[in-house]
Amino acid sequence: MHSLPSTTLSRYFALAMSDQSVLDVLASHGVTCLLSSHGQVPLSSLENQSICILFSANWCRPCRTFIPQLAQLYETVNAAGEHPLEILFVSLDHDENAFHEHFRCMPWLAVPFDASLRGRLNKHYRVHRIPSLIPLTSEEMPGHDELIGLIEDYGAEAFPFTKKRLEELKILDVSRREGGNLEHLFAGEGRDYLFLSDGGAGRLSVSHLIGKTIGLYFGASWSPPCSDFTQQLMEAYAELKAATRDQCFEVIFISTDGNKEEFDAYTSSMPWPFIPYEDESRKDLCRIFDIRRIPALIIIGQDGKTASREGREMVSEYGAMGFPFTAERRREIEEALRKEGEKLGREVKDARHEHVLKPGMAKAYVCDLCKRGGRFWALSCEDCNYDLHPTCLKLI
């Protein structure tokens, strides 16, 4: 979002103009018609309509990203016909050619390009950032960043852009996150299943997930940390599947990729189901679980409710042993490791090694006796870089 030059960037909040309507201001500048993709529209045709003013510019990348989202909302709301919406575009472009290029992708009306008029409107509505969308209503509205974010997150469901509507949507998100209804959470429009990686032909019914612990894996192909974590999660997943015969745990991948080819390539090697690329619920789930960074692994308990947001950390630190990846399980593991360390003492002597071995914690190591990998407690020699599994210890 671009900030415009101003002495102070105060918190954005605007209702209707206090002394004049926007139509009066336009008329005072000699504006009798507005522009549309089909020609001119009389200014008088806007009387008694729900109107929003959009301040935007072609040079502004966030504006160009936001406009298609707003256009989809505009068309959806007006197709429903219950509460028609009209938007007036006020250009903050530097020249008329840029104005026309920007307006070409908009389905609503535009105020004719006029530097003096746009300056007056800009000042009156205290526009400090673009894109800015100002609903002309007497109802209490969200702040500037909240309103743009509301539309980006909820699309047409955000209309009529009031604080009351925002609270309603937040309550619905909480209901989906904590309600325990997996179909409500994972199913999409006309879809009650998830996709599997065998060329997109495989399906897994959402009902198959009931009673399982579920890891919601949010990631993307372009992220190196995701690539590393995917391998860790695959190892834990395979171990749990082998141990429980597919009865206790499932992973669902929710991609944040912006390219379908990358999405397809990334999911093709994954052993777990995923939300299809085209499905809007990918974005909905990121919003519902407030995903701010990736990779993230949200744990859904057997009751269908959020059990932990620390799934990534648990898998990275403990692998399959961390299941079901909750804070309670972390406490259990830490207590068990503490007791194991107490039993090992401060130092030990192995019958097959000449030096004293001291216990210590290691994320990963290879036992020099059995040649197998290990983690957590290791018996190590400070003199010759020798490591031993505690289970391989042979006391003198």
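**Two helices, a sheet and two pockets**

Let me begin with a pair of helices: helix H6, which covers residues 163–178, packs with H10 at an angle of about 95°, and their axes lie 10 Å apart. Angles of 65 to 115 degrees count as roughly perpendicular, and H6 and H10 are therefore roughly perpendicular to each other. On the side of H6 the contact is made by Asp173, Arg176 and Arg177, while H10 brings Asp284, Arg287 and Ile288. If we sort this contact of H6 with H10 by class, we find one nonpolar residue, no polar residue and five charged residues. Please keep in mind throughout that what we are looking at is a predicted model.

Let me now turn to the sheet. Four strands make up an open sheet, in the order E12-E11-E13-E14, and their pairing is mixed. Strand E12 (249–255) and strand E14 (306–308) are at the edges, where each has a single partner strand, so one side of each is left without a neighbour in the sheet. On average, and with direction ignored, neighbouring strands of this sheet are turned by 35° against each other. Further in, strand E11 (residues 213–219) pairs with strand E13 (residues 296–300) in the antiparallel sense, over five bridges, and here you can find Leu216 standing opposite Ile298 in E13. This also brings us back to helix H10 (residues 281–288), which packs on the sheet and touches E11 and E12, its direction making about 105° with that of E12.

That leaves the pockets. Which elements give two or more residues to the lining of the largest pocket? They are helix H2 (61–80), helix H5 (144–154), H6 and H10. The volume of this largest pocket is about 580 Å³, and of the 21 residues that line it, the closest to its centre are Tyr154, Gly155, Glu157, Glu280 and Asp284. By class, its lining has seven nonpolar, five polar and nine charged residues.

The second largest pocket has a volume of about 470 Å³, and of its 20 lining residues, those closest to the centre are Gly149, Asp153, Tyr154, Arg287 and Asp290. At least two residues of this lining come from each of H5, H6 and H10, and the largest share, seven residues, is supplied by H5. In terms of class, the lining of the second largest pocket divides into seven nonpolar, two polar and eleven charged residues.

Note on methods: Residues are numbered from 1 along each chain as its sequence is written. This is a predicted model: local features need pLDDT of at least 70, side-chain atom pairs count only at pLDDT 80 or more; totals for chains, interfaces and linings use all residues. Side-chain values use heavy atoms; hydrogens and water are left out. Two strands pair if DSSP finds at least two bridges between them. Axes are lines fitted to C-alpha atoms, for helices over the stretch in contact, and angles run from 0 to 180 degrees between N-to-C directions. Contact means heavy atoms within 4.5 Å. Angles under 35 degrees count as roughly parallel, over 145 as roughly antiparallel, 65 to 115 as roughly perpendicular and the rest as oblique. Ala, Val, Leu, Ile, Met, Phe, Trp, Tyr, Cys and Pro count as nonpolar, Asp, Glu, Lys and Arg as charged, and the others, Gly among them, as polar. On a 1 Å grid over the protein atoms alone, a cavity is a set of points where a 1.4 Å probe fits but cannot get out, and a pocket is an open set with protein on both sides within 12 Å along at least five of seven lines; lining residues have an atom within 4 Å of a point. Grid points are joined across faces, edges and corners, and a volume is the space filled by probe spheres set on the points.
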